[in-house]
Structures are given as structure tokens and as C-alpha cells.
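I'm keeping a notebook on this structure today. I'll jot things down as I look them up, starting on the outside and working inward.

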Amino acid sequence: MEKNLMNEKVLCKGHVDLVDHMGSDLTVCNAARVSFSKDTEWEIDEKVVARLKESGSSYHPEDVRKLGERDQKLIQYLAKHQHWTPFAHPQITLRIKAPVSIRTQMFKHKQGFVENEISRRYVSFEPEFYTPQWRGKPTSGAKQGSEDFIEIDHETKKGYENVLRLCLYNYNELLRNGVAPEQARFVLPQGMYTEWYWTGSLAAYARFYKQRIDDHAQWEVRQYADAIGKIMKPLFPFSWRELTNISSFACSK
């Protein structure tokens with residue numbers, strides 16, 4: 001697997017980091033073409049080669065490769081007709097830091113994913129907490145979701161911060177009293193940050209992205225979907241574009 005340092009900051013203390021990835025747009029094409037006992041290769045972008053030679057720049061073969069037009073059309077066809085198995089061969093591992101309640105939403109996506117999470121049974125460093133940008137409750141009888149960002153009064157803000165401090169204090173006191181970490185963690189709130197390794201196929205991440213970038217998804221999880229999209233787009237430019245069918249990767253808020 002190829003190492004690649006890419007990371008995106010999310011929320012106040014969260015992040016999405018690329019750990020490893022395996023495969024490319026060409027992997028998708030060859031996974032599809034194997035049905036006919038055929039494969040394909042990268043083409044050389046002669047225009048780029050000419051510009052680099054003219055400027056006297058050195059380059060690596062990977063810098064001047066491109067996906068052939070036939071392969072681009074193949075990816076378009078596969079995505080349009082929902083032939084998803086070729087997109088399941090590329091694999092991506094991310095390290096994600098997010099509040100517990102947002103992790104729960106992300107873990108609902110099971111097909112094509114595996115996760116390993118930090119356990120407070122074993123780690124001893126102090127937990128960190130998420131301070132939200134507050135939003136209004138849903139209107140029109142909706143049972144979930146939120147409206148636009150709102151301001152809340154100072155005392156309520158301080159109350160939230162005090163609750164977090166009290167939870168952390170009691171957590172540390174339980175540990176000081178000899179309580180097992182696996183029980184002491186019960187006092188920690190859903191706003192606590194956790195971290196995990198998340199490995200999934202390109203197809204799985206695309207399904208996650210399309211569901212969680214939607215305006216109906218919770219704002220916080222949309223920020224993580226946006227960050228994941230920014231990492232995936234340069235790794236699998238043609239496949240990601242066709243699978244998500246979205247030209248812009250910006251969040252709506």
C-alpha cells in the first residue's frame with residue numbers, strides 16, 4: 001500500500017487523516033476488464049511531458065500518466081449502470097477523530113467497512129470534548145434535524161462547559177478511587193472525541209459520502225463527509241466524480 005500524507009481538520013478538534021490507500025482509477029478499469037481476460041495501462045500525457053522538458057524540470061513517470069479516454073468512458077458506464085463491484089477493489093484507510101455521537105452515525109455504514117477504535121479501557125490520556133456551533137430545533141413537525149445557527153445565552157453556554165468539566169472531574173475522581181477505566185468511562189458524555197481506523201472500499205466511501213453530504217444529514221457529519229470527499233477526489237478523480245455525481249465538494253453550510 002502506498003503511503004500518502006493527506007489530512008483535513010474538522011470541527012474544533014477533529015480530523016480525517018489518510019493512512020494508506022491501495023488502487024486507483026486504473027484498478028477499477030482492470031477489475032471490470034478481467035471479465036474479458038483483458039487489462040489496460042496508463043497512457044502518457046505527451047503535452048505534460050513536452051512542457052516539463054521545455055522547462056527543464058525533472059519528473060517521475062507517475063507525474064505524466066493519465067487515464068485513457070476509453071477507460072474514462074468505462075468508469076462512466078460502470079457508475080451510471082451501478083456496476084459497483086469494480087469500485088470495491090480499491091481500499092482506503094483513514095484515521096478519524098470525531099465526537100462519539102457522530103462516530104455512531106458513521107458506524108451505521110457497515111457494508112464494505114471495518115473499524116478499530118481507541119478504547120478508554122486502555123488509554124489514560126484525558127479526553128477532549130466538542131463545543132458545538134449551536135443550531136435551532138427543527139420546525140414543521142420534523143422529529144430530527146436542525147435549522148440555522150443560533151446564539152444562546154451566556155449562562156447556557158457556561159452551563160454546557162461546566163457539565164463537561166464536571167464529567168471530566170468525576171471521571172478522574174473515579175480513576176483516583178481505583179475504579180476500573182472500563183467503568184469510569186460511563187460518566188463521559190457523547191460530546192467526547194474518539195478516534196478510529198476506518199478501512200473501506202471506494203464503493204463504500206462513495207455510498208457514505210452521498211448519504212451524509214446531503215442537506216438532511218446532521219451538520220457535523222456533513223463536515224466529515226466533506227473532508228473525506230476532499231481526500232478521495234485526488235486519489236480517484238474519475239471514479240469519485242462519477243460515483244458521487246457531484247461537481248462541488250463544499251458543504252451547504
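**Entry 1: a loop serine.** Is S124 buried or exposed? I looked it up: S124 has a relative accessible area of 71%. The cut-off for exposed is over 50%, so S124 counts as exposed. I found S124 in the loop between β6 and α5. I also checked S124 against P181, which is 57 residues away along the chain. Their C-alpha atoms are separated by 8.4 Å.

**Entry 2: how far to trust this.** Note to self: this is a predicted model. The mean pLDDT of the protein chain is 92, and 94% of the residues reach 70 or more. I marked residues 247-253, though, where the pLDDT is below 50. That stretch still has 21 contacts in the model, beyond near neighbours in sequence.

**Entry 3: an arginine in the loop.** Next I went to R135, which lies in the loop between β6 (113-117) and α5 (154-176). Its relative accessibility is 17%. Buried means under 20%, so R135 makes the cut as buried. What does its side chain touch? I noted a polar contact of 2.8 Å with the side chain of S146. The R135 side chain also makes a polar contact of 2.9 Å with the side chain of E220.

**Entry 4: a covered strand and a covered helix.** I turned to strand β2 (residues 14-22), where seven of the nine residues are buried, so the rest of the structure largely encloses this strand. β2 runs antiparallel to strand β5 (residues 91-99), and seven bridges join the two. I picked out one pair: M22 stands opposite Q91 in β5.

Helix α7 (residues 202-212) is mostly covered too, with eight of its eleven residues buried. Among them I listed Y205, F208 and R212.

**Entry 5: the core.** Nonpolar side chains tend to be buried together in soluble globular proteins, so I went looking for cores. The largest nonpolar core has 48 residues. L94, I96, M106 and I228 have the most contacts inside this core. Helix α8 (residues 219-235) gives the most to the core, with nine residues.

I then listed what I228 is in contact with, leaving aside neighbours within four places in sequence. The list is V16, L94, I96, M106, W198, Y205 and F208. Y205 and F208 were already in my notes as buried residues of α7.

Last thing: a second, separate core has eight residues. V100, F129, A184 and M192 are included in this second core.

Key. Residues are numbered from 1 along each chain as its sequence is written. This is a predicted model: local features need pLDDT of at least 70, side-chain atom pairs count only at pLDDT 80 or more; totals for chains, interfaces and linings use all residues. Side-chain values use heavy atoms; hydrogens and water are left out. A nonpolar core is a set of buried Ala, Val, Leu, Ile, Met, Phe, Trp, Tyr and Cys residues joined through side-chain atoms within 4.5 Å. Buried means under 20% relative accessible area, exposed over 50%, partly exposed in between (1.4 Å probe, protein chains only). Helices (H or I, at least four residues) and strands (E, at least two) are DSSP runs, numbered from the N terminus. Contact means heavy atoms within 4.5 Å. Two strands pair if DSSP finds at least two bridges between them. pLDDT is the predictor's confidence in each residue, from 0 to 100. A polar contact is a pair of N or O atoms within 3.5 Å; within protein, one must be able to donate a hydrogen and the other to accept it, and residues adjacent in sequence count only if both atoms are side-chain atoms.
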